[in-house]
Amino acid sequence: MPQHVPPPLLDAGQHPHRHPLGRTQAAPHDPERPRRIVFLAHRDLDNPAAGGSELLIDQLACGLTDAGHDVTLLCGGPATHRRSYRVVSAGSTLGHYAAARSAFARQVGACDLLVEVCNGMPYLTPMWHRGPTLCLVNHVHTELWDMRFPAPVARAGRLLEHWALARAHRGNLLVAVSPSTADALRAIGVDQRQIRLVHNGVHEPAPRGPRSATPLFLALGRLVDYKRIDLLLRLWERVRPVTGGRLVIVGDGPERQRLEHLAGSSVEFTGHVTEEEKHRLLCASWLLLHPAAVEGWGLVVTEAGARGTPALGFDVPGLRDSVEDGVTGVLVRGESSFAAAWCTLALDDDRREVMGKAAAERAAAFHWSSTVRQFGAVAAEAVERARAAGAMATGAGR
């Protein structure tokens, strides 16, 4: 698969704070930049079901606070105190979607920019918020609705999501976390001129720990249906007689009990682990296994790459962007190909080492500080566009 090198932002070169080569430049002294920013999202980082989306919001909120912005996260479920920014609960996990508008009015009041984080079910913020609004999209859930809901519910959810992104947010900017997400937005009718690309970052890792002397394969993430850990467990029964070793599954979620019943020998479920233990496992593992059906980006791929660990996944949206096929890992199209590539890589120490070095080099290009700068520039552009639109409307009404 040829390397896909996307520009840091889509539609680059049309905004005064963009570098001529397309790199976003921060504008810390721009009087137009929003001071008060509110993120409206499904959950906060300390929620037991938190994943990559919550980590992204946390890093953006912390980075924007450090840059002088006043940041609030309005979310569903319990609100946990954060030292860098304010967290407010809008209600229960599901109920907060209906209560978001009243919670915003009651507990936030006003802001310079509202960022709607759309992860499937939309908040329809353009219908009730009149100020500058930005939509952040990890991935479009088109095919995932059918995996989780009966056909009538899935169809209704899919139509609502597509309408919200392509119609309700018409005129607003939408931030996509990968070229795959940008492609999916265009496919449902979002104008390319509205889309901006802001990649996830990665923390600079601690010094690397030792690689396991015996085969160790790692899967890391929320245990939900579309991550397809059940498929991984089935394939492990074919791979284990060839490679030996252990399969370690890190994370928790609604699928855990079912998956534990499906697991054969030499499989370990750790649940949530500390950052130190995650670092140790990423360093020790021979391969990161990522059998998800779709991703926005696949943050764990970059985290593994930063430790010199290549990834094996399917050729699906998101992973096509975070894995450079044949260079930093391998992408396959079918289950048998996944098992074959798993065995082949496990038995080829030299190839894994070369891929691991390439993965580390690629991961070094992605930093959270760059993510925050890029997002800050898009936030300023969103406010500027809203003010320009308001001025035009005022002029037309005279």
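**View 1. A network of salt bridges links D46, D58 and R82.** A salt bridge here means a side-chain nitrogen of Lys or Arg within 4 Å of a carboxyl oxygen of Asp or Glu. Side chains of opposite charge can pair when their charged atoms come close. The structure holds 24 salt bridges.

Before we go on, a word about what you're looking at. This is a predicted model, where local features need pLDDT of at least 70, side-chain atom pairs count only at pLDDT 80 or more, and totals for chains, interfaces and linings use all residues. Residues are numbered from 1 along each chain as its sequence is written, and side-chain values use heavy atoms, with hydrogens and water left out. The pLDDT is the predictor's confidence in each residue, from 0 to 100. On average the protein gets a pLDDT of 88, and 90% of the residues score at least 70. Residues 1-29 have a pLDDT below 50, and beyond near neighbours in sequence this stretch has 58 contacts in the model; contact means heavy atoms within 4.5 Å.

**View 2. R43 and E54 join up in a salt bridge.** The N to O distance between their side chains is 3.5 Å. R43 sits in the loop between strand 1 (36-41) and helix 1 (52-66), while E54 is in helix 1, so the pair ties together parts that are eleven residues apart in sequence. Helices (H or I, at least four residues) and strands (E, at least two) are DSSP runs, numbered from the N terminus. Both R43 and E54 are buried. Buried means under 20% relative accessible area, exposed means over 50%, and partly exposed is in between (1.4 Å probe, protein chains only).

**View 3. Seven strands form an open sheet with parallel pairing.** Their order is 3-2-1-4-5-6-7. Two strands pair if DSSP finds at least two bridges between them. Strand 3 (86-89) and strand 7 (195-197) are at the edges with a single partner strand each, so one side of each has no neighbour in the sheet. From one strand to the next, the twist averages 25 degrees. Axes are lines fitted to C-alpha atoms, for helices over the stretch in contact, and angles run from 0 to 180 degrees between N-to-C directions. Helix 1 packs on this sheet and touches strand 1, strand 2 (70-75), strand 4 (113-118) and strand 5 (133-137). The direction of helix 1 makes about 170 degrees with that of strand 1. Over at the strand 7 edge, strand 6 (residues 173-176) pairs with strand 7 in the parallel sense over three bridges, and V175 has R196 as its bridge partner.

**View 4. F104 is tucked in as a buried residue of helix 2.** Helix 2 covers residues 96-108, and F104 counts as buried because its relative accessibility is 6%. Leaving out residues up to four places away in sequence, F104 touches V38, L74, G109, A110, C111, L114, W128 and H129. F104 and L74 are 30 residues apart along the chain, yet their C-alpha atoms are separated by 7.5 Å.

**View 5. Here's another open sheet, this one of six strands with parallel pairing.** The order reads 10-9-8-11-12-13. Strand 10 (267-271) and strand 13 (329-332) stand at the edges; each has a single partner strand, so one side of each is left without a neighbour in the sheet. Neighbouring strands are turned by 20 degrees against each other on average, direction ignored. Helix 6 (residues 229-243) lies across strands 8, 9, 10, 11 and 12, at about 160 degrees to strand 9. Helix 9 (residues 299-306) lies across strands 8, 11 and 12, at about 175 degrees to strand 11.

**View 6. Let's zoom in on strand 10 and its partner, strand 9.** The two pair in the parallel sense over four bridges, with I249 opposite F269. In a regular strand the side chains alternate between the two faces of the sheet. Along strand 10, V267, F269 and G271 point to one face and are buried, while E268 and T270 point to the other and are not.

**View 7. R280 and E277 form a salt bridge within helix 8.** Their N to O distance is 2.8 Å. Both lie in helix 8 (residues 275-284), three residues apart, about one turn of the helix. R280 is partly exposed at 44% relative accessible area, and E277 is partly exposed too, at 27%.
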